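Hi,

Here is the structure I promised to pass on. My notes on what turned up in it follow below.

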Amino acid sequence: MQAAILALEDGRIFRGKGYGAKTECCGEVVFNTSITGYQEIFTDPSYAGQIVVLTNPEIGNYGTSPEDQESVKPYIEGLIVREFSRMASNWRSQEVADEYLERHGVPVLADIDTRALVRHLRDRGVMRGVVSTIELDADKLVAKARSIPTIDGLDLAKVVSTKQPYTWTKGMIEPGQVVIEPGKPRYKVVAYDYGIKHNILRMLVGSCCDVTVVPAETSAEDVMAYKPDGVFLSNGPGDPEAVGYAQENIRRLLGRVPIFGICLGHQLIGLALGGRTYKLKFGHHGGNHPVKQVSTGKVEITAHNHNYAVDPDTLKANEVDLTHVNLNDQTVEGLSHRTYPLFCVQYHPEASPGPHDSHYLFKDFVKMMDVWKGK
């Protein structure tokens, strides 16, 4: 156990105990309201460049398991919690969270008032910060927090993306670690990796898709060379307006193949269709966000992890339909095109972690590919 400190760019200081790696990290400080699924949060590439505060007070108590990874490693810069358990009580656990994060070089700040920190971020907005178990001089760390670049204008998708194309064949995993054998592939899907999560790929395979994952900067022409029945645009970190190459590739794919996008993919579609994006005050991060389907009035409880949103006033109303809306702040949560086979949502329908209310969207993607193949 060691002393640790969080210094925010506005001068606010939080002191507590350090766990995980003995090191220092910096990034944008955000909070996540999920009750469970901390390992999935650790390994979500959309958190690249961010220090994550978990509002659930007890973290680490069920350890870690390889099956709960959403990528090959943790992408959070640092972790902040109220209580951090150095013990694990779970038959699935293969490594305690403390050792897991230490092995991956992630520092943990614990034993602070996370409610006060979250209230501060809600009132002031997300801000840059430094977590350190090495340097404990608050003034030096505040100065360092003020010197680090903001995420605005940063293209992090190409940083976290795969460097080479690969095929994914693993299906869904049910509780009890039972692997569900997928059905025979009926659709060839190319998935752009802007920071893709494993459970998205499992869901696609479980929907009878033959999935090829390609790097973020892959050209539209190279994607079409695979002769796909559909293209998937994944989640990812950073500022969507900085990912210009992806917007151009999406424009070149419009009308040529069915497209389904989520999270960053949703934002990139909005930009490709002529819209704009803007940064939210403190983002949406958690597994309990209510989203309404505009056409039916049905409300889904959904999983979120994003800092930007599409501005609906910048989209062409005669071309684009707003399909979903967030009931907390009325932000756009879904779009579809009136002419092209295309739809997208801002939230995470694969929900790992999170509720399963939105799994139907993968079936909608399959239906769209069926219609397109039937032309």
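The buried residues of helix H4 pack against strands S1 (2-8), S2 (13-20), S3 and S9 (127-132). Please keep in mind throughout that this is a predicted model. Helix H4 itself covers residues 138-147, and its buried residues are Ala138, Leu141, Val142 and Ala145. Because these span an arc of only 105° around the axis, they sit on the same side of H4. An α-helix has 3.6 residues a turn, so residues three or four places apart point the same way. Asp139, Lys140 and Ser147 are exposed, on the other side of H4. The N-terminal end of H4 is capped by Asp137, with a side-chain oxygen 3.0 Å from the backbone nitrogen of Asp139.

Now to the strands that H4 packs against. S1, S2, S3 and S9 belong to a closed barrel of 7 strands, which runs S1-S2-S8-S6-S4-S3-S9 with mixed pairing. From one strand to the next, the twist averages 35°. Within that order, S3 (residues 24-32) and S4 (residues 50-54) run parallel and are joined by 5 bridges. If you want one pair to look at, Val30 has Val52 in S4 as its bridge partner.

Helix H8 (residues 244-253) is worth a look too. Its buried residues are Ala246, Gln247, Asn249, Ile250 and Leu253. They lie on the same side of H8, because the arc they cover around the axis is only 165°. Which elements cover them? Among them are strands S13 (187-193), S15 (230-233) and S16 (259-262), along with helices H7 (220-224) and H9 (264-272). Just after H8, Gly255 has a positive phi of about 80°.

One residue of H8 that you may like to inspect is Gln247. Is Gln247 buried or exposed? Its relative accessibility is 10%, and buried means under 20%, so Gln247 counts as buried. The Gln247 side chain reaches the backbone oxygen of Pro240 at 3.1 Å. Leaving aside residues up to four places away in sequence, Gln247 touches Pro240, Glu241, Leu268, Leu271 and Ala272.

Trp168, in strand S10 (residues 166-168), is another one to pull up. At 11% relative accessibility, Trp168 also falls under the 20% cut-off, so Trp168 counts as buried. A polar atom of the Trp168 side chain lies 2.9 Å from the backbone oxygen of Lys170. What does Trp168 touch, not counting residues up to four places away in sequence? The residues are His198, Leu201, Arg202, Val205 and Val211. Trp168 and Asp210 are 42 residues apart in sequence, with their C-alpha atoms 7.7 Å apart in space.

Finally, some numbers for the whole protein. There are 10 helices and 21 strands, and 59% of the 375 residues count as buried. The C-alpha trace spans about 65 × 45 × 40 Å along its principal axes. A compact globule with 375 residues would have a radius of gyration near 21 Å, so the 20 Å of this protein agrees with that. Of the contacts with a separation of 6 or more, 75% are between residues 24 or more positions apart.

Happy to talk any of this over whenever suits you.

Best wishes

Technical notes: Residues numbered from 1 in each chain as written. Predicted model: local features only at pLDDT ≥ 70, side-chain atom pairs only at ≥ 80, totals over all residues. Heavy atoms only, no water. Pairing = 2+ DSSP bridges. Helix = DSSP H or I, 4+ residues; strand = E, 2+ residues; numbered from the N terminus. Axes fitted to C-alpha atoms, helices over the stretch in contact; angles between N-to-C directions. Buried < 20%, exposed > 50% of the residue type's maximum accessible area, 1.4 Å probe, protein only. Arc of directions from axis to C-beta. Contact = heavy atoms within 4.5 Å. Polar contact = N/O pair within 3.5 Å; in protein donor to acceptor, adjacent residues only side chain to side chain. Rg over C-alpha atoms; globule rule 2.2 N^0.38 Å.
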